[in-house]
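Q: Please take me through one part of this fold in detail, starting with its paired strands. Then show me how the parts around them are held together.

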Amino acid sequence: MTLPLPGLALADHEELVKGAEAAGYTDIWSGETNGPDGFTPLALSAAWTQRARLGTGIAGVFQRGPALLAQEAAALADASRGRFVLGIGSSSDRIVEGWNEIPFERPLSKVAETLTFLRAALDGERTASGFKLESAPAQRVPIVLAALRGRMLDLALKRADGAFTNFLPLGGLAKVSAQLSSAPDRFECSVASFCLPGEREAVEPLARFMFSSYITVPVYGAFYRWLGYGEQIEAMTAAWNAGDRAEAAAAAPWELIEEMFIFGSAEQMKERIGAFVEGGITLPILTPITTPDKLKEMIEALAP
């Protein structure tokens, strides 16, 4: 399950996080966009849970220095008694350059360099820059890379413990899975699964807004073109770039929206999640999107 849950203050998450673990959820992961940072919800969850793994999905490597990332990861590994997974990635040009005013340059190299630093630091070694953690984690911290296209997927395959993908349509899964076909048994392939209960008429406005606002971000547009969907998103992207958000949402291709989101009843959503697992996803990370009063019911309905 992904934190934070929509419309809910962090201080009010405890009951739902404990309930998710009791219902059989194996992992609690954190998103990081324009809400809470990726580490605070997991620090709280470390105190609220006993068994669930805790993972950042993902922490950006541009917004934090590598030593600070290592410190945050070591702290959460300690607080959770070894249940922490560090998910890192380049984030997006909109977040890094647009919001944080940091140049979004050479993202692949930046992720690779940060991965080298973190693996050494978290293993208790002194890095090339001279940094050494005061107290290294007692257990090895797995590192997962946010990876959308070929070269980043290849980097994850060769040097990380898993790959984390996002906004993946089911029809594009085969291309991602093929890229990871030589992965060892313990390699994880995770996907963020956005779950909207209800039929088309109930979910369409929100789904169109979310799809058009994310897939027009340059890194996600490049991802969809790499998957072979460039023609389908062209009109939507042109409208967004012209400043017409309503037209962009209207032009969002419904066939791709249906491929990406998890819609319908609880049974239908679990069936669709199963299709992603059958296609090679080892860890579907569910984001339940509903009103706060219905979150408990939805979390229980989607439990494994």
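A: **Paired strands and their surroundings**

In this predicted model, strand 5 and strand 6 (residues 143–146) run parallel and are joined by three bridges. Take one pair. Leucine 86 has isoleucine 143 in strand 6 as its bridge partner. Now look at the next pairing. Strand 6 also runs parallel to strand 7 (residues 162–165), and three bridges join these two strands. Here leucine 145 stands opposite alanine 163 in strand 7. To get from strand 6 to strand 7, the chain passes through helix 6 (residues 150–159), and this β-α-β crossover is right-handed. In a regular strand, side chains alternate between the two faces of the sheet.

Stay with helix 6. Its buried residues are Gly150, Met152, Leu153, Leu155, Ala156 and Leu157. What covers them? The cover includes strand 6 and strand 7, along with helix 5, helix 7 (173–179) and helix 9 (218–227).

Next comes the core. The largest nonpolar core holds 105 residues, and those touching the most other members are Phe84, Leu86, Leu122, Leu145, Phe211, Tyr224 and Phe261. Helix 5 (residues 107–122) gives the largest share of this core, seven residues. Two names on that list should be familiar. Leu86 is the residue with bridge partner isoleucine 143, and Leu145 is the one that stands opposite alanine 163.

Tyr224 is another of the core's best-connected members. Which residues does it meet? Beyond four places in sequence, tyrosine 224 contacts Phe167, Pro169, Phe211, Ile215, Tyr229, Gly230, Ile233, Leu256 and Met260. One of these contacts, Phe211, is itself on the list of core residues that touch the most other members.

Go back to the start of strand 5. Glycine 82 sits in the loop between helix 3 (66–79) and strand 5 (84–89). Its relative accessible area is 34%, so glycine 82 is partly exposed. Its contacts more than four places away in sequence are Ala77 and Gln139. Glycine 82 also lies 7.2 Å from alanine 138, C-alpha to C-alpha, although 56 residues separate the two in sequence.

Another loop is worth a stop. Glutamate 32 is found between strand 2 (27–30) and helix 2 (40–48). Is it buried or exposed? Its relative accessible area is 19%, so glutamate 32 counts as buried, the cut-off being under 20%. Its side chain makes a polar contact of 2.5 Å with the side chain of arginine 64. A polar atom of the same side chain lies 2.6 Å from the backbone nitrogen of glycine 38. Leaving out residues up to four places away, glutamate 32 touches Asp37, Gly38, Ile58, Ala59, Gly60, Arg64 and Ile95.

Now for charged pairs. Side chains of opposite charge can pair when their charged atoms come close. How many salt bridges does the whole structure have? A search finds 13.

One joins the side chains of aspartate 27 and arginine 53, at 2.8 Å from N to O. Aspartate 27 belongs to strand 2 and arginine 53 to strand 3 (residues 53–56), so this pair ties together parts 26 residues apart in sequence. Aspartate 27 is buried, at 6% relative accessibility. Arginine 53, at 24%, is partly exposed.

Other salt bridges lie within a single helix. Arginine 208 pairs with glutamate 204, and their closest N and O atoms are 2.7 Å apart. Both sit in helix 8 (residues 200–215), four residues apart, which is about one turn of the helix. Why does that spacing suit a pair? An α-helix has 3.6 residues a turn, so residues three or four places apart point the same way. Both arginine 208 and glutamate 204 are buried.

Helix 14 (residues 295–301) has a pair with that spacing too: lysine 296 and glutamate 300 are four residues apart, about one turn. Their side chains meet in a salt bridge of 2.8 Å, N to O. Lysine 296 is partly exposed at 41% relative accessibility, and glutamate 300 is partly exposed at 45%. Elsewhere, salt bridges that share partners link Arg119, Asp123, Arg140 and Asp161 into one network.

Notes. Residues numbered from 1 in each chain as written. Predicted model: local features only at pLDDT ≥ 70, side-chain atom pairs only at ≥ 80, totals over all residues. Heavy atoms only, no water. Buried < 20%, exposed > 50% of the residue type's maximum accessible area, 1.4 Å probe, protein only. Contact = heavy atoms within 4.5 Å. Core = buried A, V, L, I, M, F, W, Y, C linked by side-chain atoms within 4.5 Å. Polar contact = N/O pair within 3.5 Å; in protein donor to acceptor, adjacent residues only side chain to side chain. Pairing = 2+ DSSP bridges. Right-handed = clockwise from strand over helix to strand, strands pointing away. Salt bridge = Lys/Arg side-chain N within 4 Å of Asp/Glu carboxyl O.
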